[in-house]
Amino acid sequence: MPRPSHLPPARIPASPHRRDRHGRGMRGPLLPPNLPAWRTRAERFDAMVIAAADDLARRHPEITQMQFAVEEVPPSDPAPWEHGVVLGRGFAAEPRAGLPARIVLYRRPITSRAGDDAELVELVRRVVVEQVALMLGRRPEEIDPDL
């Protein structure tokens, strides 16, 4: 049906993707990507785990078959042989279920033991190496001689 001539032309509302409700445009990011605080502590920790695993995988290709995960804290029911707070755990592969070997690092216990970022990087690497060594049935010095 045509619009009567005595009414003003219909306004097409602005796309919600271009303007906010005050007409000033969309907000930019709170922190630009070039600032250090752009990523959260958890994201930086995940990146440390990935970097440690990738570095080890260059020397030991069998590590590429393992999955790495990060959880905040270990479960409240430790295994009988685990004393104190656990920093990481390895889970054997379950071929029948289609699950590869998995290594889980616990972020909060690890970060609470590190004094600064350099110590945190070293501790993450140490825990990754220890768990990989346990999964492969080797000593940590065989996996990473620099340890």
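Contact here means heavy atoms within 4.5 Å of each other. With that in hand, the meeting of two helices is a good place to enter this predicted model. On the side of helix 1, the residues involved are Phe45, Met48, Val49, Ala52, Ala53, Asp55, Leu56 and Arg59. Their partners in helix 3 are Leu120, Val121, Val124, Arg125, Val128 and Val129.

Two packed helices are described by the angle between their axes and the distance between the axes. For helix 1 and helix 3, the axes come within 9 Å and cross at roughly 50 degrees. The two helices are therefore oblique to each other, and helix 1 passes helix 3 in a right-handed crossing.

It helps to step back and view the whole chain. Its secondary structure comes to four helices and three strands, arranged along the sequence in the pattern α-β-β-β-α-α-α. Of the 147 residues in the chain, 27% are buried. Among contacts between residues at least 6 apart in sequence, 52% join residues at least 24 apart.

The three strands form an open sheet in the order 1-3-2, with mixed pairing. Strand 1 (67-71) and strand 2 (88-91) are the edge strands, each of them pairing on one side only. From one strand to the next, the twist averages 20 degrees. Strand 2 and strand 3 run antiparallel and are joined by four bridges. Arg89 stands opposite Val104 in strand 3.

Both helices already introduced also meet this sheet. Helix 1 packs on the sheet by touching strand 1 and strand 3, and its direction makes about 155 degrees with that of strand 1. Helix 3 lies across strand 1, strand 2 and strand 3, and runs at about 150 degrees to strand 3.

Next comes the nonpolar core. The largest one has 22 residues, and those with the most contacts inside it are Phe45, Leu105, Ile110, Leu120, Val124, Val128 and Val132. Helix 1 (41-59), strand 3 (102-106) and helix 3 (117-136) are the elements that give two or more residues to this core. Helix 3 supplies the largest share, eight residues.

Val128 offers a close-up of these surroundings. Not counting residues up to four places away in sequence, Val128 touches Val49, Ala52, Ala53, Leu56, Phe68 and Leu105. Among these partners, Val49, Ala52, Ala53 and Leu56 are in helix 1 and appear in the helix 1 and helix 3 meeting described above.

Two further residues of helix 3 deserve a look, beginning with Arg125. Is Arg125 buried or exposed? A residue counts as buried under 20% relative accessible area, and Arg125, at 15%, is therefore buried. Leaving aside neighbours within four places in sequence, Arg125 is in contact with Ala52, Asp55, Leu56, Arg59 and Asp144.

Gln131 is also found in helix 3. With a relative accessible area of 10%, Gln131 is buried. Which residues does Gln131 contact, leaving aside its neighbours within four places in sequence? They are Gly88, Arg89, Gly90 and Ile103. Arg89 has appeared before, as the residue that stands opposite Val104 in strand 3.

Notes
Residues numbered from 1 in each chain as written. Predicted model: local features only at pLDDT ≥ 70, side-chain atom pairs only at ≥ 80, totals over all residues. Heavy atoms only, no water. Core = buried A, V, L, I, M, F, W, Y, C linked by side-chain atoms within 4.5 Å. Buried < 20%, exposed > 50% of the residue type's maximum accessible area, 1.4 Å probe, protein only. Pairing = 2+ DSSP bridges. Axes fitted to C-alpha atoms, helices over the stretch in contact; angles between N-to-C directions. Parallel < 35°, antiparallel > 145°, perpendicular 65-115°, else oblique. Left-handed = near helix turned anticlockwise from the far one by under 90°.
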